[in-house]
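Notebook open, coffee poured. I wanted to look up a few packing details in this one and jot down what turned up.

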Amino acid sequence: MNSLASPKGLDFEALVHEHQGTVYHVALRVLRDPAAAEDVAQQVFLMLFQERGIPQGVASPKAYVARAAVNAALNALRARERRSRHEEKAVPKRSTPMQPTDAVLQAEVRAAVDELPVDQRLAVVLHYFQGLTHAEVAESLDVPAGTIAS
């Protein structure tokens, strides 16, 4: 893996080493998701790298980095909430609650679909589970529409 050269005069490795715990823990407290907190930490350090470190004249570098972590974590949290709202709108509401037999049937259908060859599985998933038309599935998979219809 190639490492990026630090901007002139910036000891980026020392910067990361000094502040990585703070950045990660702040993000983790906001997001309550370790993987998302790691993503935010990467974003914060990428931003610091691109800005060539902490700006001159900052009274408290630790506070500056913590604020950057808070801002990035809040942005990630807002994005996650937006995605969740959009996903809720996209999933049709069931008029009746799912019965235990429905869950068993769904599991059997998913297992059967998983056994299909990849090209057929993709076609089934795109059409029946994602709601694409035959023409859209054909375009997505770059095959003739008649192939999908059969």
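**His19 and its surroundings**

I started with His19, which touches Phe45, Ile54, Pro61, Lys62 and Val65, leaving out residues up to four places away in sequence; contact here means heavy atoms within 4.5 Å. His19 sits in helix α1; helices (H or I, at least four residues) and strands (E, at least two) are DSSP runs, numbered from the N terminus. His19 counts as buried because its relative accessibility is 4%, buried being under 20% relative accessible area, exposed over 50% and partly exposed in between, with a 1.4 Å probe and protein chains only.

Note to self on provenance: this is a predicted model, where local features need pLDDT of at least 70, side-chain atom pairs count only at pLDDT 80 or more, and totals for chains, interfaces and linings use all residues. Residues are numbered from 1 along each chain as its sequence is written, and side-chain values use heavy atoms, with hydrogens and water left out.

**Whole chain**

I get 7 helices and 0 strands. Of the 150 residues, 22% count as buried.

**Cores**

Next I pulled the largest nonpolar core, which has 22 residues; Phe12, Val23, Leu31, Val40, Val44, Phe45 and Leu48 touch the most other members. Helices α1 (12–31), α2 (34–50) and α3 (61–90) each supply at least two residues of this core. A core is a set of buried Ala, Val, Leu, Ile, Met, Phe, Trp, Tyr and Cys residues joined through side-chain atoms within 4.5 Å. A second, separate core of 5 residues includes Leu126, Val137, Ala138 and Ile148.

I also checked Leu48: beyond four places in sequence, Leu48 contacts Phe12, Leu15, Gly53, Ile54, Tyr64 and Val65.

**Helix α2**

Which helices do the buried residues of α2 pack against? They pack against α1 and α3. Among the buried ones I listed Val40, Val44, Phe45 and Leu48. The end C-alpha atoms of α2 are 24 Å apart, which agrees with the 24 Å expected for 17 residues at 1.5 Å a residue (1.5 Å times one less than the number of residues).

**Largest pocket**

Last, I looked at the largest pocket, with about 300 Å³ of space. Of its 13 lining residues, Asp119, Gln120, Ala123, Thr147 and Ile148 are the closest to its centre. A pocket is an open set of points on a 1 Å grid where a 1.4 Å probe fits, with protein on both sides within 12 Å along at least five of seven lines, and lining residues have an atom within 4 Å of a point. Helix α5 gives the largest share of the lining, 6 residues.

Terms used
Points joined across faces, edges and corners; volume = space filled by probe spheres on them.
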